[in-house]
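Thanks for sharing this one. Here are a few notes to read alongside the structure.

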Amino acid sequence: QVQLVESGGGLVQAGGSLRLSCAASGSIFSINAMGWYRQAPGKQRELVATITSGGTTNYADSVKGRFTISRDNAKNTVHLQMNSLKPEETAVYYCNGDVQKYSGGVYYRYWGQGTQVTVSS
């Protein structure tokens, strides 16, 4: 079994910062890409940022220059530093990871349960 657990969400004023963390645990041999997505009420889930095991990052245009994704491969964790937050970024933020459970096995994408981020105006 593999679990991803997010933490760090909360209420912040517009212009403020939050740091989200996600820890993967369980039957893990390796993790390829990890990422953060978000889903606002009534909207589809959207990509925020991803990072490969080698550290290559990708960001949604809307967060470039304000958000930073990072990871610790030894600890199977991924983080999202969010600065200059906007009210429209209020959403549930989800992390995911492409996990290989044993050597030579297939990668399967696991998701966390989500953490609420609320940005007040």
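The points below go from the sheet to the core and then to two loop residues.

1. Please keep in mind that this is a predicted model. A good place to begin is the open sheet, which has four strands in the order S1-S3-S8-S7, paired antiparallel. S1 and S7 are the edge strands; each has a single partner, so one side of each has no neighbour in the sheet. From one strand to the next, the twist averages 15°.

2. Have a look at the S7 and S8 pair, which is antiparallel and runs over six bridges. Within this pairing, Ser70 has His79 of S8 as its bridge partner.

3. The largest nonpolar core contains 30 residues, and those with the most contacts inside it include Trp36, Ile69, Val78 and Leu80. Strands S1 (2-7), S3 (18-26), S7 (67-72) and S8 (77-82) are among those that each supply at least two residues of this core. S4 (30-39), S5 (46-51), S9 (91-100) and S11 (115-120) each supply at least two as well.

4. Val78 is worth a closer look. Setting aside neighbours within four places in sequence, its contacts include Leu20, Cys22, Trp36, Ile69 and Cys95. Ser70 is also one of the residues that Val78 contacts.

5. Two loop residues deserve a check of their backbone. Asn76, in the loop between S7 and S8, has a positive phi near 55° without being a glycine. Ser84, in the loop between S8 and S9, is likewise not a glycine and has a positive phi of about 50°.

6. Is Ser84 buried or exposed? Its relative accessibility is 40%, so Ser84 counts as partly exposed.

Note on methods. Residues are numbered from 1 along each chain as its sequence is written. This is a predicted model: local features need pLDDT of at least 70, side-chain atom pairs count only at pLDDT 80 or more; totals for chains, interfaces and linings use all residues. Side-chain values use heavy atoms; hydrogens and water are left out. A nonpolar core is a set of buried Ala, Val, Leu, Ile, Met, Phe, Trp, Tyr and Cys residues joined through side-chain atoms within 4.5 Å. Buried means under 20% relative accessible area, exposed over 50%, partly exposed in between (1.4 Å probe, protein chains only). Contact means heavy atoms within 4.5 Å. Two strands pair if DSSP finds at least two bridges between them. Axes are lines fitted to C-alpha atoms, for helices over the stretch in contact, and angles run from 0 to 180 degrees between N-to-C directions.
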